[in-house]
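Dear colleague,

Please find below the sequence and structure that I am handing over to you. My findings are set out after them.

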Amino acid sequence: MRALTSDEHVRSVLTLTGPELLSVPDMAEVLGETLGRPVETADVPLEVYRTRLIAAGADAEFADVAVDGSRLVARDGNARLTPDVERVLGRPPRTFRTWAADHLR
């Protein structure tokens with residue numbers, strides 16, 4: 001809560017990551033194991049993604065930022081781990097598997 005109510009992180013750029021690097025197919029595999037059924041992924045061309053975002057109500061500027069972020073991720077430009085979660089929360093980040101299990105309904 002302190003991270004949201006103090007000035008400690010003002011003007012900081014935080015990259016919040018879990019404790020492991022996972023690709024989208026890795027995450028789908030974890031979700032499939034957690035759910036007990038296959039979870040498939042599909043590559044969506046970035047222009048189609050942008051069009052669908054706008055059709056869903058996002059403005060063009062947001063869609064452009066989302067597409068740029070997706071392009072960065074696709075090129076492994078964000079494939080890094082940081083200590084930021086632990087620094088902000090005061091505890092290590094949870095794994096994606098733990099997150100999935102905690103949110104299973």
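The notes below concern one helix and the largest pocket.

This is a predicted model, in which local features need pLDDT of at least 70 and side-chain atom pairs count only at pLDDT 80 or more, while totals for chains, interfaces and linings use all residues. Residues are numbered from 1 along each chain as its sequence is written, and side-chain values use heavy atoms, leaving out hydrogens and water.

Helices here are DSSP runs of H or I with at least four residues, numbered from the N terminus. Helix α4 covers residues 60-74; at 1.5 Å a residue, its 15 residues should span 21 Å (1.5 Å times one less than the number of residues), which agrees with the 21 Å between its end C-alpha atoms. In α4, A63, A66 and V67 are buried (under 20% relative accessible area with a 1.4 Å probe, protein chains only). These three cover an arc of only 100 degrees around the axis, so they lie on the same side of α4; the arc is taken from the directions from the helix axis to the C-beta atoms. The buried residues of α4 pack against α3 (46-55), with contact meaning heavy atoms within 4.5 Å. On the face turned away from the buried side are E61 and V65, which are exposed (over 50%). After α4 comes D76, with a positive phi near 60 degrees.

The largest pocket has a volume of about 1,100 Å³ (an open set of points on a 1 Å grid over the protein atoms alone where a 1.4 Å probe fits, with protein on both sides within 12 Å along at least five of seven lines; lining residues have an atom within 4 Å of a point). Of its 33 lining residues, L22, S23, V24, M27 and V73 are the closest to its centre.

Yours sincerely

Note on methods
Helices (H or I, at least four residues) and strands (E, at least two) are DSSP runs, numbered from the N terminus. Grid points are joined across faces, edges and corners, and a volume is the space filled by probe spheres set on the points.
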